Amino acid sequence: MSERLAEKYDLRVPRYTSYPTAPHFRALADDGLYRGWLAGLDPSRSLSLYFHIPFCDEMCWFCGCYTKIVNRYEPIRAYLEALAAEVRLVADALPGRFEASHLHWGGGSPTMLAPGDWLALVAGLRAAFAFAADAEIAVEIDPRDATEAYIAALAEAGVNRASIGVQDFDPAVQAAINRRQPYEVVERVCGWLRRHGIDAINLDLMYGLPHQTVGKVEAMVDLALQLEPARVALFGYAHVPWMKTHQKLIDEASLPGSTERWHQNAAAARRLEERGLRPVGLDHFARADDPLAKAAAAGHLHRNFQGYTTDAAAVLLGFGASAIGSLPQGYVQNIMALKDYREAVAGGRLPVARGIAFVGDDRLRGEIIERLMCDLFVDVAAICRRHGADADAFAAAFAALGPLAADGVVALDGRTVRVTEAGRPLVRLAAAAFDAYLAHGEARHSRAV
Ligand SMILES: C[S@@+](CC[C@H](N)C(=O)[O-])C[C@H]1O[C@@H](n2cnc3c(N)ncnc32)[C@H](O)[C@@H]1O
């Protein structure tokens, strides 16, 4: 069915790291809404923290993340001061001292921070929040910037999980995306991480990049597996040059088409599974003994702005420019422009710019979409019962799933939806059937596969 579906369903739908999705957030006039939400949180429940470090020293042309290229440390130093101040502002706005169970440092590249600054920042954090004894502290690493001193500082700060941006090992692909990074560089960083006790290693791989072929993608997976990662994320390159103008530097003629992308994804996934990794959700793979694979098997997987996670906390506080927070009341996103972010914090304001409060059946639909994205299965009637809603309200969504069922992407039984193994790469399409905003949506998204 592959080729046919790859062509037929070359639709552009969200990746559902939240629901409603970020394009539907609205501008906030001030920080009043967020302050009210923070004040209403329960201090007896642990929460999660996300820190965004929006700096890199070189622009990777494929990059879809929010980052700025800097070649001096001064802007980073100024940013870290603002970040520490934001932590104090948020801690003051909370009704007590909260325990943090998950911390994630993303970017950009947290690897841009000087080791000493890392330790100072984490010391400030420990003053504002209690860390759970088994807290997961994860960091994204650009291996080109990492030094052993940096990795040692991470270990000292309590980091116990690392995610390395690999993308591909092939020199021609690396040249076409401006990310020159030989295998040995990644291998060396894995060695340092393990030497310093951080052995929960994730590798980010990509397909759909310029000049990639099925053969190259298989070779990429083989090399990656030599490094014995606990997890692998396999992302399809999202080409959105209308949003990320630097992606125009990528020669579109060198990009694989949708059928080729489908084959690359399938070949990489097959290879990863043959070597013993378990598929997790849309695009992750994990060793059977890894908490992510265990959570997936037990139906406890979650999805947030960083992708798939074992994090079950109801609250994720986002810190830093562009960071998104997820609270029981809705989502908030911080100011993106670095100067405006710094000024807001200096003025004692929580630096939120946009957000959305849940209304109507947002939470119900959000739960249906999260279960589908995580479990590839959802019992809509059971979720409706928990929310005191009528599953018949989703008759239109089930009708919209009809063509996907006819094509073997989903199997429908009563008010349940199961995404078939062959349909796994298209799970976003099944989720989209439950998205009430998409029908009115103006947002453009990248390919589903
Ligand atoms: C938030 S980024 C930051 C990681 C880190 N700074 C690095 O690149 O080394 C995490 C991952 O997102 C993925 N990514 C970035 N841009 C993407 C795009 N346009 N399409 C799909 N995945 C992308 C890459 O695999 C990257 O490693």
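**Exercise 1. The interface of the two domains**

How many residue pairs are in polar contact across the interface of domain 1 and domain 2? Describe the interface as well.

*Solution.*

Step 1. The structure is a predicted model. Its protein chain is divided into domain 1, residues 31-319, and domain 2, residues 362-440. Their C-alpha centres lie 28 Å apart.

Step 2. Contacts are considered next. On the side of domain 1, 12 residues are in contact with 12 residues of domain 2.

Step 3. The size of an interface is often expressed as the accessible area lost when the parts come together. Between domain 1 and domain 2, about 980 Å² is buried, and carbon and sulfur atoms give 56% of this area. Within domain 1, the residues that lose the most area to domain 2 are Trp-262, Leu-282 and Arg-303, which together account for 45% of what that side buries.

Step 4. The polar terms can now be stated. The rule finds 6 residue pairs in polar contact across the interface, with both residues at pLDDT 80 or more. The count of salt bridges between the two domains is 0.

Step 5. The side of domain 1 that touches domain 2 receives at least two residues from each of helix 9 (258-274), strand 10 (277-280) and strand 12 (302-304). The residues of this side comprise 6 nonpolar, 5 polar and 1 charged.

**Exercise 2. An aromatic pair**

Classify the aromatic pair formed by Phe-55 and Tyr-79, and state which parts of the chain the pair ties together.

*Solution.*

Step 1. The whole structure contains 13 aromatic pairs according to the search. The pair of Phe-55 and Tyr-79 has a centre-to-centre distance of 5.2 Å and an angle of 85° between the planes.

Step 2. Planes over 60 degrees apart count as edge-to-face. The pair of Phe-55 and Tyr-79 is accordingly edge-to-face.

Step 3. Phe-55 belongs to strand 3 (residues 55-56) and Tyr-79 to helix 3 (residues 74-93), so the pair ties together parts that are 24 residues apart in sequence.

**Exercise 3. Backbone geometry**

Where are the cis peptide bonds at Pro-20 and Gly-108, and what is the phi of Gln-167?

*Solution.*

Step 1. Most peptide bonds are trans, and most residues other than glycine have a negative phi.

Step 2. Tyr-19 and Pro-20 are joined by a cis peptide bond with omega about -5°. Pro-20 is in the loop between helix 1 (2-8) and strand 1 (26-27).

Step 3. Another cis peptide bond joins Gly-107 and Gly-108, with omega about 20°. Gly-108 is located in the loop between strand 5 (99-107) and helix 4 (115-128).

Step 4. Gln-167, a residue other than glycine, has a positive phi near 75°. Gln-167 is part of strand 7 (residues 161-167).

Note on methods: Residues are numbered from 1 along each chain as its sequence is written. This is a predicted model: local features need pLDDT of at least 70, side-chain atom pairs count only at pLDDT 80 or more; totals for chains, interfaces and linings use all residues. Side-chain values use heavy atoms; hydrogens and water are left out. Domain bounds come from an automatic or database domain assignment. Contact means heavy atoms within 4.5 Å. Buried area is the accessible area (1.4 Å probe) that two parts lose on being put together, summed over both. A salt bridge is a side-chain nitrogen of Lys or Arg within 4 Å of a carboxyl oxygen of Asp or Glu. A polar contact is a pair of N or O atoms within 3.5 Å; within protein, one must be able to donate a hydrogen and the other to accept it, and residues adjacent in sequence count only if both atoms are side-chain atoms. Helices (H or I, at least four residues) and strands (E, at least two) are DSSP runs, numbered from the N terminus. Ala, Val, Leu, Ile, Met, Phe, Trp, Tyr, Cys and Pro count as nonpolar, Asp, Glu, Lys and Arg as charged, and the others, Gly among them, as polar. Rings of Phe, Tyr and Trp (its six-membered ring) pair if their centres lie within 6.5 Å; planes under 30 degrees apart count as stacked, over 60 as edge-to-face and the rest as tilted.
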